[in-house]
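Trainee: Could we go through this structure together? I'd like to learn how each label is earned.

Mentor: Happy to; let's put it up and begin.

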Amino acid sequence: MSALAPYVGKVIVVVTSDGRLFTGVLQGYDQTTNIILESAKERVITPDAPTEILDLGLYLLRGESVALCGLVDDEIDSQIDWEKVRGLRLGETKSLGR
Amino acid sequence: MLFFSFFKTLIDEQVIVELKNDMSIRGTLKSVDQFLNIKLDDVSVVDEVKYPHLSAVKNVFIRGSVVRYVHLPGAVVDTALLEDATRKEAASQASKAGGR
């Protein structure tokens, strides 16, 4: 069973179906991939402006809107200056019609 | 259940998962479940310059519902076995639907 159990209590990155990027500590999840993130922050990465970081607090993300959860490697993450990072805006997973 | 079983045979192989948001992620398949959620270890995003979002991430969990393709190494797939399993599955589906 491909569960999120090993990620609980750790810092994760969540990509949502509308193309947003969140980071926080995984507090809980269920089989529909609903996610509880503590100390959630949104990282708004764009091609032409400094990365914005928005502090959100305790968040519940509905499973339908979760695309991906990545386990953050602290060593690597602390060496990245996220303000300087530039990248494409993430796409949405749903196209017209469905 | 056929594709769940199929993916289980590919555990520890390197694959590329293309998501519906057009991002592609290369990694080693470590786990799959009944929803075809996928866990990959040692990942690298295919176009890292465009998508630096996952630079600090080594392992990912990908929700099955957002997968568009899973690119596989052809050599690893036993197509004869797969065809056979598919025929069996189709037969059992047909009989489940009630003989007409």
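Mentor: Let's start with a pair: D77(A) and R43(A) are both buried.

Trainee: What makes D77(A) and R43(A) buried?

Mentor: The word buried stands for a relative accessible area under 20%, exposed for over 50%, and partly exposed for anything in between, using a 1.4 Å probe and protein chains only. D77(A) falls in the buried class, and so does R43(A).

Trainee: Before we go on, where do these values come from?

Mentor: This is a predicted model, where local features need pLDDT of at least 70, side-chain atom pairs count only at pLDDT 80 or more, and totals for chains, interfaces and linings use all residues. Side-chain values use heavy atoms, leaving out hydrogens and water, while residues are numbered from 1 along each chain as its sequence is written.

Trainee: How do you know that D77(A) forms a salt bridge with R43(A)?

Mentor: A salt bridge needs a side-chain nitrogen of Lys or Arg within 4 Å of a carboxyl oxygen of Asp or Glu. The closest N and O atoms of D77(A) and R43(A) are 3.6 Å apart, so the pair meets that cut-off. D77(A) lies in helix α1 (residues 74–78) of chain A and R43(A) in strand β3 of chain A, so the bridge ties together parts 34 residues apart in sequence. Helices here are DSSP runs of H or I with at least four residues, strands are runs of E with at least two, and both are numbered from the N terminus.

Trainee: Why is D55(A) called exposed?

Mentor: Because its relative accessible area is 60%, and exposed means over 50%. D55(A) forms a salt bridge with K41(A), with 2.9 Å between the closest N and O atoms. That pair links strand β4 (residues 52–61) of chain A, home of D55(A), with strand β3 (residues 35–44), home of K41(A).

Trainee: Why is K41(A) called partly exposed?

Mentor: Its relative accessible area is 32%, which lies between the two cut-offs, so partly exposed is the label.

Trainee: What about chain B: what separates K88(B) and D84(B)?

Mentor: About one helical turn, because they are four residues apart in helix α2 of chain B. Their side chains meet in a salt bridge at 2.9 Å, N to O. K88(B) is exposed at 54%, whereas D84(B) is partly exposed at 36%.

Trainee: And how many salt bridges are there over all chains?

Mentor: A search of the whole structure finds 13. In chain A, D18(A), R20(A) and E42(A) are linked in a network of them.

Methods: Chains are lettered from A and ligands numbered from 1 in the order in which they are written.
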